[in-house]
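Open the model in your viewer and keep the selection tool at hand. The stops below say what to pick and what is there.

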Amino acid sequence: MKAVQYRSVGAAPEVVTVARPEPGPGQVLLKVTAAGVCHSDIAVMSLPAEALAFPLPLTLGHEGAGTVAALGDGVTGFEVGESVAVYGPWGCGNCLMCAQGKENLCPRAAELGIRPPGLGAPGAIAEYLLVDPRHLVPLGDLDPVTAVPLTDAGLTPYHAIKTSQPKLTPGSTAVVIGTGGLGHVAIQLLRALTPARVIALDVSEDKLALAREVGAHETVLSDQNAAATVRELTGGLGAQAVFDFVGAPPTVTTATACAAVEADVTIVGIGGGAALVGFGTTPYDAAVRAPYWGSRAELIEVLDLARAGAVDVHVETYSLDDAPKAYERLHHGLIKGRAVILPNG
């Protein structure tokens, strides 16, 4: 079968031919219908050799959806041909967090060598993918092309926003920094789940236009004056919740500068930034968080929001052969919304 792999440190991803996997006992083989392309993949491919915690080559893709192609011995609850999404943050399945469906917070995954698909385990940008049935969520009649980004680009902001919901009351303000793959979904989730006014920040006018299209009340160019503009728009108070989907040093500085007293500052992006926190540095009682993905139950909730029409992911589709081009466009900031690969399309 064809797959897109990161094969050597510093190299671009390649389309290669590898053996098609066969499901063993307790495994499900998916014929992949759609797979998302994410900045996290680029972050992995930017690591030096000594920082890689898993061997290469690696089949990319941690956002996956497919139809059940075959069931291993002992698997029940799914039927061949059924459309499913893959819950990406795999854990041990036995600890307290995993028992709650919070495999994203599994404390044993790293020591056991358990890694998400595309981020250590073979990923979804391939014609077929092996998955533990515990990590499958039925898609029903949802379009896998627009639903597959919800497994990360929807789940991650949903998890972040849910934690801050008590602060997003009528009259409150939420700031979204970075309105690309995750950020444009976050704007929609904020509009669907809260009465907050949403202010979106980005360096690209095209992405600010997308932010307005999906529901942002205000858009601000993300530069050295952005925090001052947010404070002006909020009467000097700042925002009750700030979500940074870039996470680079300049955006983290902007995020904390936008925060009101008792605000939540949530750094979602993995751009290498770190917030300065302390008395006199951050507003009184402000909290800074760095969440990771979300729970399996939250993924089900996100998919239900999509069924209700509350979330509509903007996607650019590519064939498997064109996947390296999608990564190149993402690296240069040219993707509007989310890039989705159709391995069997």
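**Stop 1: a salt-bridge network**

Select Glu63, Asp152 and Arg338, which are linked in a network of salt bridges. A salt bridge here is a side-chain nitrogen of Lys or Arg within 4 Å of a carboxyl oxygen of Asp or Glu. The model is predicted: local features need pLDDT of at least 70 and side-chain atom pairs count only at pLDDT 80 or more, while totals for chains, interfaces and linings use all residues. Residues are numbered from 1 along each chain as its sequence is written, and side-chain values use heavy atoms, with hydrogens and water left out.

Keep Arg338 and Glu63 selected: their closest N and O atoms are 2.6 Å apart. Arg338 lies in strand β16 (residues 338-342) and Glu63 in strand β5 (residues 63-71), so this salt bridge ties together parts that are 275 residues apart in sequence. Helices (H or I, at least four residues) and strands (E, at least two) are DSSP runs, numbered from the N terminus. Are these two residues buried or exposed? Arg338 is buried at a relative accessible area of 4%, and Glu63 is buried at 0%. Buried means under 20% relative accessible area, exposed over 50%, and partly exposed in between (1.4 Å probe, protein chains only).

**Stop 2: the partners of β5**

Now show β5 with strand β3 (residues 28-37); the two run antiparallel and are joined by 8 bridges. Two strands count as paired if DSSP finds at least two bridges between them. Ala34 stands opposite Ala65 in β5. Add strand β6 (residues 83-86), which is antiparallel to β5 and joined to it by 3 bridges. Here Gly66 stands opposite Val84 in β6.

**Stop 3: two further salt bridges**

The structure holds 11 salt bridges. Select Arg20 and Glu22, whose closest N and O atoms are 3.9 Å apart in one of them. Arg20 is partly exposed, with a relative accessible area of 40%, and Glu22 is exposed at 54%.

Next pick Arg329 and Glu316, a salt bridge with its closest N and O atoms 3.3 Å apart. The pair links distant parts of the chain, with Arg329 in helix α11 (residues 323-331) and Glu316 in strand β15 (residues 315-319), 13 residues apart. Arg329 is partly exposed at 23% relative accessibility, whereas Glu316 is buried at 19%.

**Stop 4: the parallel sheet**

Colour the open sheet of 6 strands, which has the order β11-β10-β9-β12-β13-β14 and parallel pairing. The edges are β11 (218-221) and β14 (287-289); each has a single partner strand, so one side of each is left without a neighbour in the sheet. The twist averages 15° from one strand to the next.

Within this sheet, select β9 (residues 173-177) and β10 (residues 197-202), a parallel pair with 5 bridges. Val176 stands opposite Ala200 in β10.

Then add helix α7 (residues 205-213), which lies across β10 and β11 and runs at about 165° to β11. Contact means heavy atoms within 4.5 Å. Axes are lines fitted to C-alpha atoms, for helices over the stretch in contact, and angles run from 0 to 180 degrees between N-to-C directions.
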